[in-house]
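Let's take a walk through this one together, starting with what sits inside and working outwards. Have a look at the model first.

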Amino acid sequence: MRLTHHIKVGIEIHQQLDTSGKLFCSCPTVLREEEPHFSVLRRLKPTYSELGDLDRAALFESEKKKAFCYQGYNDTVCLVELDEEPPHDLNRDAVSISLTVAKLLNMTPVDEVHVMRKIVIDGSNITGFQRTAKIAFDGWLMDGEEKITVQSLCLEEDAARKISDTPEMMTYRLDRLGIPLVEIATGPDIHSGEQAERVALQLGRILKATGKIKRGLGAIRQDLNISIEGGTRIEVKGVQELGLISTVVEHEATRQRNLLLLRDELKKRGVTAVKPKVVDVTDVFSTSNSKVIRKALESGGRVQAVLLTGYGGLLKTELQPGRRFGTELSDHAKVFGGVGGIFHTDELPAYGITEEDVKAVRKKVGASENDGVVFVAADVEAGLVALNAVVKRASEALKGVPGEVRAFNPDGTTHFMRPMPGSARMYPETDVPSIVVGGDLLDKIRRALPELLEKRTERYIKECGLSKDLAALIVDSPYAVTFERLVKSDGLSPSFVAATFEYTFKMLKREGIDMESLDDRQIRDVLVRVHKGEIAKEAVAEILRWLASNRGKSVEDATRSLSLGTVDSAALKAAVAELVGKNMEIIKRDGERAISPLMGDLMKTFRGKVDGKVLHELLKEEIRRRLETAPR
Ligand SMILES: [Zn+2]
């Protein structure tokens, strides 16, 4: 039997929408990297829910006693993001796009869109909650023969983006706060990592078909809810690369299986509880050569230890590739206690800690061969909190897999991020009026449903004359909408535009150039100028490269700086006319054969500035005109 049959996965996709304004104000939905214009400082207090329970997750964050710094720009952040002014009405465009996606996913729209407040405790929303509105429910999509349910589609405001995180201060930038985001959640119907990847890809393509989504890193984020039989639902946050999904799922399934085996082994050893008794073992290390320990002691810290009775040898159990049970304990110590890490007896002697040190520590806490000992060198209070977190996590191993939110590592393994948030977390947002989703609106959406990507590929082959490969590439590309616009509205050559996106852009990306930093206006400007003959095709890559590394500059700045100097067509024509006028003798003698030597002269002046083909055409035209009008 394949173990993957026991895996259950649900995907939650978050996709930013490309609306001109934010969800509750009209600030533009633009992110920049330049220095922020202002910053404000806030502190977060734990909030009591209406049921009177202190939200568990909120408590967890406030325990960390952090201050929050919020940065912003005057033109992309207003009083709404700062929570100094009530939210404006819900952005209608965002509602329409969401309803369109819902329709494509066979969902039932709600009768009325109500905005709710969802408690958010990491400080990423200055209000302490995120506004969210359910748009539709109960849909499906097909993965081959299998029906995957789509449980809900919500429209949400994106959170502020994290800039830095120190033990004292968390810094966020508010420009991202309020950008409309659709959140689509599938049912837990997915059975393997590969299937999860396919479903995520399909959801992504349906979102793309609307042509109204943001592109670039962070514009789409996937959360995965993963469990195995006998395990527990674990939420893995923020997977941005599709290619990582299958690995993340497989590694999490492995971790849960190994935790269940660990539980069984602890049961077999008769372990039923972990005593939360912290012992000071600083004496042992008074002459220690361990750098970490010496550093902690020199700054007034202590070495404290806890005994894990019956855990001997289990701390080195590998749960995921390269991550052991001891690593899990360490994650908890780091997150709750803010310590740099832990030492445990399964990995010692090492790090300058000797066999004698280990023996002495064991003796001090009363450990036998079958027991494990964890110790921390840190400030007394931090060490206590860290070891209590270790005891708590070690106790949870007796039950199996604790429910928690995890973040992924670049290799597809995951680490502990925070506990699962408590339940009662939604309250009505009374500042925003609801929107009735009437028949008129739905009719309008039905009539304007976007063409699905398969259909569009066929059309590009037939109508635009693109090759099958290029058509498939451009349809799936984040630049599909831009492509269509440039071809339709600006009359540019489809194959030239498609090739620019699929070949030139990709080549520059491979060079490490941030192509996402270019906006549609800049891209259009470059390509239209090529079309008009003002810029040579050969110079496109060079200009795009320059624009991407010189934010906020214009195409004119680029050509000037690269001394490509755009040539306006009047000046070009005048230059051609002048050259032809000077050489009429040769032209009269050789006719159109005179083009070649004259082209040589022209290229000397205009190489890299004007496309060779354009020059050739202009020259030919001018020679013909002169020959026709010249006296014989
Ligand atoms: Zn605003």
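**From the cavity to the whole chain**

The lining of the largest cavity is a mixed bag: 6 of its residues are nonpolar, 3 polar and 5 charged. This is a predicted model, so read everything here as computed from that prediction. The cavity itself has a volume of about 100 Å³. Among the 14 lining residues, V80, E81, R131, E157 and L177 come closest to its centre. A search of the whole structure turns up 1 cavity of 30 Å³ or more.

E81 is worth following, as that residue also turns up at the metal. The zinc ion is coordinated by the SG atoms of C25, C27 and C78, plus E81, which is listed twice through OE, with distances of 2.2 to 2.6 Å. Along the chain, these donors are spaced as C-x1-C-x50-C-x2-E. C25 sits in the loop between β1 (7–16) and β2 (38–43), while C78 sits in the loop between β3 (67–72) and α2 (92–104), so this pair ties together parts 53 residues apart in sequence. How covered are the two cysteines? C25 is buried, at 8% relative accessible area, whereas C78 counts as partly exposed, at 23%.

Now zoom out. The chain has 632 residues, and 51% of them are buried. Its secondary structure comes to 20 helices and 23 strands, and its C-alpha atoms fill a box of roughly 115 × 65 × 55 Å along the principal axes. Of the contacts between residues at least 6 apart in sequence, 73% join residues at least 24 apart. As for the outside, the accessible surface is about 30200 Å², with 51% belonging to carbon and sulfur atoms.

Notes. Residues are numbered from 1 along each chain as its sequence is written. This is a predicted model: local features need pLDDT of at least 70, side-chain atom pairs count only at pLDDT 80 or more; totals for chains, interfaces and linings use all residues. Side-chain values use heavy atoms; hydrogens and water are left out. On a 1 Å grid over the protein atoms alone, a cavity is a set of points where a 1.4 Å probe fits but cannot get out, and a pocket is an open set with protein on both sides within 12 Å along at least five of seven lines; lining residues have an atom within 4 Å of a point. Grid points are joined across faces, edges and corners, and a volume is the space filled by probe spheres set on the points. Ala, Val, Leu, Ile, Met, Phe, Trp, Tyr, Cys and Pro count as nonpolar, Asp, Glu, Lys and Arg as charged, and the others, Gly among them, as polar. Donors are N, O and S atoms within 2.8 Å of the metal (3.2 Å for Na, K and Ca); water is not among the atoms, so sites may look incomplete. Helices (H or I, at least four residues) and strands (E, at least two) are DSSP runs, numbered from the N terminus. Buried means under 20% relative accessible area, exposed over 50%, partly exposed in between (1.4 Å probe, protein chains only). Contact means heavy atoms within 4.5 Å. Accessible areas come from the Shrake-Rupley method with a 1.4 Å probe; for residues, only the protein chains shown count as cover.
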